[in-house]
Amino acid sequence: MKDIELINKLKSVISQFDRGETPQKQDIVLLLENYKNPEIFEFAKELGRKKALENYGNNVFIRGLIEVSSFCTRNCFYCGLRCGNKEAQRYRLSFEEIMSCCESGYKAGFRTFVMQGGEDPFFDDDFVCRTVAAIKQKYPDCAVTLSLGERSYISYKRLKEAGADRYLLRHETATKEHYEKLHPKNSLFENRMECLYNLKELGYQTGAGFMVGSPWQTMENIANDIIFLKEFKPHMVGIGPFLPHSQTPFKDFPKGSAELTLFVLSIVRIMLPKVLLPATTALGTREEGGRERGILHGANVIMPNLSPVEVRKKYMLYDNKLSSGAEASEGLEILRKSLDKIGYKIPVSRGDCLEIN
Ligand code: SAH
Ligand code: SF4
């Protein structure tokens with residue numbers, strides 16, 4: 001294909017997403033393989049940004065991220081918190097500590113709290129329900145998001161009834177064979193998927209997502225992720241580059257590309273115009289200014305760290321994870337200024353997802 005023909009072809013694939021159609025898988029792969037083409041990269045960026053502006057204006061919603069536990073019973077090969085990492089520093093926050101994070105977050109202007117952690121048996125239904133209910137009672141104008149991994153249907157149901165509004169559970173990869181390369185045998189792809197469908201059925205605003213550049217990932221795998229997202233229609237999609245952690249089996253694998261992450265963000269925005277799309281900490285860690293670039297490609301959420309300062313260095317999913325400056329809730333002013341420079345503002349709002357269907 002001549003250059004001009006290729007560019008026209010790729011633009012027409014992007015336009016298919018824009019019209020709500022799902023392009024052929026081989027066309028999505030072709031598009032991904034050509035992400036470095038400056039004309040295509042810019043085309044996707046501009047359309048992604050336009051779609052975000054049309055739907056959410058120049059607002060960037062913030063979420064206060066409370067990393068409630070670094071204990072985890074799972075052993076995902078990519079993650080620093082895996083139970084096989086005997087050198088990881090473990091902690092868990094108490095009920096009082098979580099409430100006090102919310103208190104300082106509320107004062108700072110957060111109206112969504114995200115409780116995220118490893119799969120820690122200490123965070124059983126009773127404890128999480130009690131905490132969620134207390135937060136909702138004290139801050140009825142706030143949303144509570146949970147990101148506590150895979151749980152049973154009945155557990156998700158109890159947490160929902162206690163008041164949880166949203167749940168983040170990245171699908172990690174929509175290709176079963178790839179999933180099995182990233183996880184030990186006892187982590188089942190089918191179970192992850194079932195959890196996601198259960199969450200949606202229970203009425204959670206549900207978040208899926210994946211890492212860009214995880215070991216052995218191919219463009220076809222990313223195409224499968226895109227097709228899965230289109231079909232699953234999540235309310236939120238978390239996408240960040242894979243970053244190696246020195247105490248995991250994947251320590252020697254290269255970092256995922258920031259550029260490809262940005263490109264995928266813009267495609268997801270075009271495909272799911274109303275989705276809540278964070279510019280992730282991993283993207284900000286990968287590259288200085290990464291989160292701001294993410295916003296310019298169509299992302300509209302940022303999740304500053306609201307955990308107690310003493311524990312932040314212990315929640316190391318990957319090496320050098322940012323947790324201070326504009327990444328932190330105390331750094332909200334720095335974040336506000338850097339977003340202001342690119343024409344965006346941070347509203348005091350729950351920032352719910354617009355109707356998706
Ligand atoms: N235990 C929960 C939530 C915490 S992990 C869960 O697994 O769902 C949150 C996310 O961090 C994971 O979904 C994964 O996509 C991401 N993550 C873990 N290790 C990472 C790494 N090395 N690089 C980039 N992202 C990583
Ligand atoms: Fe545990 Fe989540 Fe890390 Fe897997 S990704 S080891 S479930 S914290």
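A polar contact here is a pair of N or O atoms within 3.5 Å. Keep that cut-off in mind as we walk through this predicted model, starting with ligand 1.

The pair to look at is the one with E172: an N or O atom in the side chain of E172 sits 2.5 Å from an oxygen atom of ligand 1. That distance counts as a polar contact because the cut-off for N or O pairs is 3.5 Å. R170 also reaches ligand 1 with its side chain, putting a polar atom 3.0 Å from an oxygen of the ligand. Y78 does things another way, since what lies 2.9 Å from a nitrogen atom of ligand 1 is a polar atom of the Y78 backbone. How much of ligand 1 does the protein cover? On its own the ligand has 540 Å² of accessible area, and 92% of that is covered by the protein.

Zoom out a little and you'll find 18 residues surrounding ligand 1, with Y78, G117, R170, E172 and L243 the closest. Sorted by class, that shell holds 10 nonpolar, 5 polar and 3 charged residues.

Now over to ligand 2. Its surroundings are made up of C72, R74, C76, Y78, C79, R82 and G118. The class count for this shell is 4 nonpolar, 1 polar and 2 charged. Y78 turns up again here, as part of the shell of ligand 2 and among the closest residues to ligand 1.

Next, the sheet. Six strands line up in the order β2-β3-β4-β5-β6-β7, paired in parallel, and the sheet is open. At its edges are β2 (64-69) and β7 (236-241), each pairing on one side only. On average, neighbouring strands are turned by 20° against each other, ignoring direction.

Follow β2 inward and you meet β3 (residues 112-117), joined to β2 by 5 bridges in a parallel run. One of the residues to pick out is E67, whose bridge partner in β3 is Q116. Toward the β7 edge, helix α9 (residues 219-232) lies across β6 (205-212) and β7, running at about 175° to β6.

Technical notes. Residues are numbered from 1 along each chain as its sequence is written. Chains are lettered from A and ligands numbered from 1 in the order in which they are written. This is a predicted model: local features need pLDDT of at least 70, side-chain atom pairs count only at pLDDT 80 or more; totals for chains, interfaces and linings use all residues. Side-chain values use heavy atoms; hydrogens and water are left out. A residue is near a molecule or strand if one of its heavy atoms lies within 4 Å of it. Ala, Val, Leu, Ile, Met, Phe, Trp, Tyr, Cys and Pro count as nonpolar, Asp, Glu, Lys and Arg as charged, and the others, Gly among them, as polar. A polar contact is a pair of N or O atoms within 3.5 Å; within protein, one must be able to donate a hydrogen and the other to accept it, and residues adjacent in sequence count only if both atoms are side-chain atoms. Accessible areas come from the Shrake-Rupley method with a 1.4 Å probe; for residues, only the protein chains shown count as cover. Two strands pair if DSSP finds at least two bridges between them. Helices (H or I, at least four residues) and strands (E, at least two) are DSSP runs, numbered from the N terminus. Axes are lines fitted to C-alpha atoms, for helices over the stretch in contact, and angles run from 0 to 180 degrees between N-to-C directions. Contact means heavy atoms within 4.5 Å.
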